[in-house]
Amino acid sequence: MQNSFRKQTHEMTKAEFFKYPAIWRYVIAVALVILALFMSDALWDIVKDTPFPFFVAAVALSAWIGGLGPGLLATVLSIVLLDYFLLSPLQQIFTSPRDILQFVIFAAVAMLVSWLDMARRRAISAVNNARDELQALVDHIGEGITAQDASGKVIYANEAAAHLTGHASVADMLNMSVDGMQQRYQMFDEYGEPFTNANLPRQQVFSEGKRGEVRFRMRNTADDSERWIHLVTAPVFGPGKKPRLAVNIFRDITPTIYEQLRLQRILDNLPALVGVMTTDGILTESNKVALDIAGLKRADVIGKPFDQTYWWAYSAEVQAQLREAIAAAARGELVRYDVVVRTGDNQYATIDFMISPLRDKSGEIVALIPAAIDVTQRKKIERDREYLNRLLSQEQARLKILLGNLPSAVWESKPEGQGQFTPTFVSEYSEQLFGYSAQDWVNEPDLLLRILHPDDRERVTQEFSQPPEDSRIVQYRIITKGGDLKHVETRSKLIRDAASGQYTLVGTTSDISQQKRWEAELERLNDLLEIQRERLANILANVPGVVWESNITPDGEQHLLYISPYVETMLGYSVEEMMGNEEIWRNLVHPDDREATVAQITRLYENEATGTVQFRMVKKDGGFVPVEAYLTLPKAPARFGTIYAVMMDISERRQSEQRIANYVGRLRRSNQSLQQFAYVASHDLQEPLRMVSSYLQLLETRYRDQLDDDAKEFIDFAVDGAVRMKQLINDLLAYSRVETRKGDFTPVDLTEVFAQVQSNLSVRIAETNATVTSENLPTLNADKGQMLQLLQNLVGNALKFHGEAPPVVHVSAKPVTGAWQISVCDNGIGIDPKYGERIFEIFQRLHGRSKYPGTGIGLAICRRVVERHGGRIWFESEPGQGTTFHFTVANTLKQGQGAEDDE
């Protein structure tokens, strides 16, 4: 407010008197009169009856701009020019008494206007000077002064107010809105509770017209600075004695408050119960320790008789003793005694209590200082110390016995600087483990370095040179005093003593030589087991049919023990459905073939117990498929045992010559790997599979009670090998089915296919903690089963070949010319681009089976599926940077094309 007023007054004085030099003020006056002459002349027909308006304006402006002198000059010049150039007779002056009278009146009015303007300037200048003096006085006051209207808008502020509130200037403070002002500051009361604008006395000023004051802590959110403010607010009344403004005077009391808080913190941080009370026993102050010991607040005790407070009010005897002590202290005595005070419900503490008088400079007792130390724990410690010493002796004796019988060397070392530790204790077992006594280790700190195996010395020295952050396990080899080589394992941990702050390295060293031998043997057996598993997987993967194992019970029922996943491809039933339904076999055989099938199996059972049976099986969708099953049955006269069987779809054998002719053209385009597969799957692989199955059955049934552990182990190896052969047969069959088991091309929603892939791979996704997502997947004409197989293979590979981080797989699609391009991106181990063609060939692997199991057929299947759908497949990758597989599917394929291909 003061800024705007000062600006106006200065503009009306300094701007008018000092804007132009004196000569120019007179020149401007002459120019204004000449301008009035020209305007009057131009409009003479209009203004001739009242010829003075333009000249009056010229005189007024001259007086406004230049003051009294230029105003008088403009008056005289206006009279002369008006009479000489405009009033008849022209070019003569003062010829008519009437004109002279008009000129006199004009001159009087003009002079009056000039004099009034000068008086106005002088009055404004005087007011402005007085205001400047008052403003200078206010600006040098240390307290901040502001004025606010009823909305809270600041309309006046001095420099101290701007400084105390953290504004750059008074103008910055005046220009800030009410909302901005409220958002800029946070206020808190003496207890740290939020202090809102509604608590400010300004509300009281405008509502009741009364003065108010308050103190609070103000935090400036712009720079996080804080001040303690003492605020006094008074009303300024307007018409009707209603409050028009609220004048705020606030003072920075931060040093005073901080001094009070400092003294309070000193009291609160004393490890004793301290207070202040009057000589008649009224408690006026208490530190935090005294309040916290009983869970009290200041309001519970301050201003109350000390003997009536919670600590003492539980016992009349204790209160009477306290009153006597207060009276003695009021007489100038120092009183001290042990007493029990209440700290909670049925909870008490023993304190060393003292009351001392506080005197002023004249020696008068002005207050009493009660103080106490809680000695409950100290006395309890004194009582417990003797018991603990006895217990410690017992535990030391027990620990010595335990260490003597522990099959590990227990040791303790102290740090000597630069990562060096000196043994201070070694258990007696060290002599049995190393050949060196406990005293040898203490006397020779570098003994471990001397007995380390040379090949382990550098590694172990480096590991032991760095103190463990938590616990550490190190395995290494040592040469004992007797020259024996042993594998040992040291487990150590760095422990900090809470009292002294010093560190101690404690640990155990154990002989793990036998464990190392077991690990080596286990690794050898695992390698052998993996070879057998891969062999069985290769065989089973090349079997173009369902492999199963079942058990015949004494009552003639057949219980399925195993069935290969190919059953879902051939019959539509999942492995879970087959394994969970004991009656399903009876419904799978075509009703017209059941009698003949039973007869064939009976002949096999009665004769050789092995052979083939042909019949039709009913699929889940109601269709049927002709199959040939090779069975190995329990030999007669046994009535129960295990059945091993391979069941193959022989639909192709029964197709017409026309179907065979149609396939000839496609078979010519098949690559050499498919021809090899057809030969192996049809001829060579059946005999090894029968041989494995027969011998497993013979070993199981004929020599069950005669087998030793090695023989049983060999059988396990053979079983694992059979599993690997099954996997290889299944993968080869899947590779073959791309052409031989294809379906019709129908509209396929890849979003639904992707959801099925997620469901099929849900276990693997959960095991690897993977994230599998998709976007923009289209609907296109394709073989739905093969699209599922294609996406499942690519996503499954991404889950398999991942690095240390959890797999992240994303499937996306975009339209390209004449096709859709589908991309499967992962964050896995990556592929060297030089293997761009090799990975799509059958049986080609880039990694060992022990690290990444598989047969190397999955990507070959993917390429065949993509080629059947008129597209191509490729990848983009760098080792360690993840891989993105791309494939295209032609969008010009017509529905039903798959059916034509089957013809």
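In this predicted model, the crossing of helix 31 and helix 32 is left-handed. Helix 31 covers residues 784–800 and helix 32 covers residues 858–868, and the two pack at an angle of about 145 degrees, with their axes 9 Å apart. On the side of helix 31, the residues that take part in the meeting are Gln786, Met787, Gln789, Leu790, Asn793, Leu794 and Asn797, while helix 32 contributes Gly858, Leu859, Ile861, Cys862, Val865, Val866 and Arg868. Sorted by the character of their side chains, the residues of this contact comprise eight nonpolar, five polar and one charged.

**The chain as a whole**

These two helices belong to a protein chain of 903 residues, of which 40% count as buried. The chain contains 33 helices and 28 strands, and its accessible surface comes to about 50,300 Å², with 54% of that area belonging to carbon and sulfur atoms. When the contacts with a separation of 6 or more are considered, 55% of them are accounted for by residues 24 or more positions apart.

**How far the model can be trusted**

The average pLDDT of the protein chain is 77, and 76% of the residues score at least 70. Confidence is highest in helix 14 (residues 316–330), with a mean of 93, and lowest in helix 33 (residues 897–901), where the mean is 39. Over residues 1–18 the pLDDT stays under 50, and the model has 39 contacts beyond four places in sequence for this stretch. The pLDDT is also below 50 over residues 893–903, a stretch that has 24 contacts in the model beyond near neighbours in sequence. Where pLDDT is low, the predicted coordinates should not be read in detail.

**Helix 24 and strand 19**

What does Thr597 contact once its neighbours within four places in sequence are left aside? The answer is Val589, Val613 and Phe615. Thr597 is found in helix 24, which spans residues 594–606, and Thr597 counts as buried because its relative accessible area is 5%, under the 20% limit. Ala596 also has its place in helix 24, but Ala596 is partly exposed, with a relative accessible area of 43%.

Phe615, the partner of Thr597 in one of these contacts, lies in strand 19 (residues 610–618). Phe615 is buried, at a relative accessible area of 9%, and, not counting residues up to four places away in sequence, it touches Val589, Asp593, Thr597, Val625, Pro626, Val627, Ala629 and Met647. Val589 therefore appears among the contacts of Thr597 and of Phe615, where contact means heavy atoms within 4.5 Å.

**Spacing between C-alpha atoms**

The table sets separation along the chain beside separation in space for three pairs of residues, each taken from C-alpha to C-alpha.

| Pair | Apart in sequence | Apart in space |
|---|---|---|
| Thr424 and Trp411 | 13 residues | 7.6 Å |
| Ala596 and Gln614 | 18 residues | 9.2 Å |
| Phe615 and Ala596 | 19 residues | 8.1 Å |

**Thr424 in strand 13**

Thr424 has its place in strand 13, which runs over residues 420–426. Is Thr424 buried, partly exposed or exposed? Its relative accessibility is 39%, so Thr424 counts as partly exposed, a class that lies between the limits of 20% and 50%. Leaving out residues up to four places away in sequence, Thr424 touches Glu412, Ser413, Lys414 and Val442.

**Two asparagines with positive phi**

Most residues other than glycine have a negative phi, and most peptide bonds are trans. Against that background, two asparagines deserve a look. Phi of Asn346 is near 60 degrees, a positive value, and Asn346 is placed in the loop between strand 9 (335–344) and strand 10 (347–359). Asn346 counts as exposed because its relative accessibility of 73% is over 50%.

Where does Asn769 have its place? Asn769 is in the loop between helix 30 (762–768) and strand 23 (771–775), and phi of Asn769 is near 55 degrees, which is again a positive value in a residue other than glycine. At 55% relative accessibility, Asn769 counts as exposed.

Conventions:
Residues are numbered from 1 along each chain as its sequence is written. This is a predicted model: local features need pLDDT of at least 70, side-chain atom pairs count only at pLDDT 80 or more; totals for chains, interfaces and linings use all residues. Side-chain values use heavy atoms; hydrogens and water are left out. Helices (H or I, at least four residues) and strands (E, at least two) are DSSP runs, numbered from the N terminus. Buried means under 20% relative accessible area, exposed over 50%, partly exposed in between (1.4 Å probe, protein chains only). Accessible areas come from the Shrake-Rupley method with a 1.4 Å probe; for residues, only the protein chains shown count as cover. Axes are lines fitted to C-alpha atoms, for helices over the stretch in contact, and angles run from 0 to 180 degrees between N-to-C directions. A crossing is left-handed if the near helix is turned anticlockwise from the far one by less than a right angle, and right-handed if clockwise. Ala, Val, Leu, Ile, Met, Phe, Trp, Tyr, Cys and Pro count as nonpolar, Asp, Glu, Lys and Arg as charged, and the others, Gly among them, as polar. pLDDT is the predictor's confidence in each residue, from 0 to 100.
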